[in-house]
Every structure is written in structure tokens, then in C-alpha cells.
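Please bring the model up on the screen. I will talk about one helix and then about the pockets.

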Amino acid sequence: MPTLYHHSMSTASRFIRLVLAEYGFQVDLVEEQTWEKRKEFLAFNPAGTLPVYVDDNMRALCGPIVISEFIDETHGVLKRDRRLFAEDPFQRAEIRRLVEWFLQKMEQDVTKPLVRERVHKLLIPNGLGGGAPDSKVLRTARGNIRHHMKYLTWLSGSRQWVAGERLSYGDLSAAAAVSVLDYLGEIDWNEFSVAKEWYQRIKSRPSFRPLLTERVRGITPVSHYADLDF
């Protein structure tokens, strides 16, 4: 069975897990602590980043964009109306743009610094960068949340799904990022009711259930995290 090296609080990892689940893939999940810099893991991906997909022939695919496009080219094209990418080149470009937005820009502005300060620093030994959260970093990242949630509100309010008429990689990348922030209780859903309705639709899909049952050691999720009608 293929293996996916991931981390529960990695947006990119969650995105690929959702993609695989939507297409019915069965994989062995290995949670990787990237700061440990294991030689076995670095042999698959010298960059030391997540996620990494290793197939039955021990061939490694590294990074969410590479993995998701490989899956589309080998399996998505056969799914017809369940394909998570578009047939139209312009629509594919829009999906790619949104995946980049949520996995790169939002990750840099919000998700990555919050996860590093609130999650990783609790797990990493002090000598490797662990310790108390940096309040300045937290304040800056939290200040950026509203900008990204307002954009998600516009996308989900002006389109049936964030990239257009059908569920796509755009929705899954956005949901991956939002779910990490939601676990940590960083989103005031009262302020973003339109985005909340969209998230409830995504959250209710069978592909999302494994994410809702997982827990990070030492960090309890917000009370509504696993509630489909919050």
C-alpha cells in the first residue's frame, strides 16, 4: 500500500489527504516530525518538507502541487464529473491560483506561523527551536486572518464552490487551511457566516471525517471542531 508522510497540523498534508480520500485512495499514514531530520525521510525528500507520497514501487512524490497534479493526471481524468480539476484550461488556471493562494500565501501569512508558535514549539526540544510562543509573531499572524477569511467569504459567496461550479482542488486547499485554524480556535465564525456555510458543506463530506477525529498531543481542539452543524 502507498505511504503518505504527513503531519496532522500541516495544511499541505491535509490537502493531499482530502484529495486522496475524495478519490478513494487507501494509504498508510506516517506522521513525520520534520524537525527531527530523519535520514530515512530525507532520502525520500532532501528538502525535508511535507507531504511526501511513496507508491508501491518506492517512488517518491514530494510536495502538495506535485502530488495533486500527478493524481489528477493518473486518476482524476478518469473521474468525469467527480474530477477535482477542470477540463477548461482557464478554469484549471483559476484552480491552480487558488491552491497557490491557500497553500502558499495564506500559509505564509497565517497558518505556518500560528502552527509553529502554538503547536511545534510545544513538541520541539528547546535546543532545536522549541520553547514559549513568540507573542509578536502570534499577533501578526492573527492580524492577517481577517484578510484571508474576507477573501474566502467573497469566493464562497459569489460562486457555488470557491473556484466555480464544481468542487475542486481549490475547495480542498482552502478547507485544509481553515481546518487547521479551526482546530486551534483561531476563527471567529460569527463574523464570517457565508464562509461558515461553505465550510459546513466541506466538513460534512466523508473525506473530512478522519481529520475531525484526530487530536494533536497536548492540544485540545476548540469545542465545535468535530461538530458538523456548529
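Asp88 caps the N-terminal end of H4, with a side-chain oxygen 3.1 Å from the backbone nitrogen of Phe90. Helices here are DSSP runs of H or I of at least four residues, numbered from the N terminus. This is a predicted model, in which local features need pLDDT of at least 70, side-chain atom pairs count only at pLDDT 80 or more, and totals for chains, interfaces and linings use all residues. Residues are numbered from 1 along each chain as its sequence is written, and side-chain values use heavy atoms, with hydrogens and water left out.

H4 covers residues 89-123, 35 residues, yet its end C-alpha atoms are only 43 Å apart, against the 51 Å of a straight helix at 1.5 Å a residue; that expected span is 1.5 Å times one less than the number of residues. H4 has a kink of about 80° centred on Glu107, the bend being the angle between axes fitted to the seven residues ending there and the seven starting there.

Glu107 also lines the largest pocket, where it is among the residues nearest the centre, with Thr34, Leu50, Lys112 and His120. A pocket is an open set of points on a 1 Å grid over the protein atoms alone, where a 1.4 Å probe fits, with protein on both sides within 12 Å along at least five of seven lines; lining residues have an atom within 4 Å of a point. Of the 28 lining residues, H4 gives the most, 9.

Which residues line the second largest pocket? They are Arg17, Leu20, Ala21, Phe25, Val27, Leu29, Ser207, Pro210 and Leu211.

Methods: Helices (H or I, at least four residues) and strands (E, at least two) are DSSP runs, numbered from the N terminus. A polar contact is a pair of N or O atoms within 3.5 Å; within protein, one must be able to donate a hydrogen and the other to accept it, and residues adjacent in sequence count only if both atoms are side-chain atoms.
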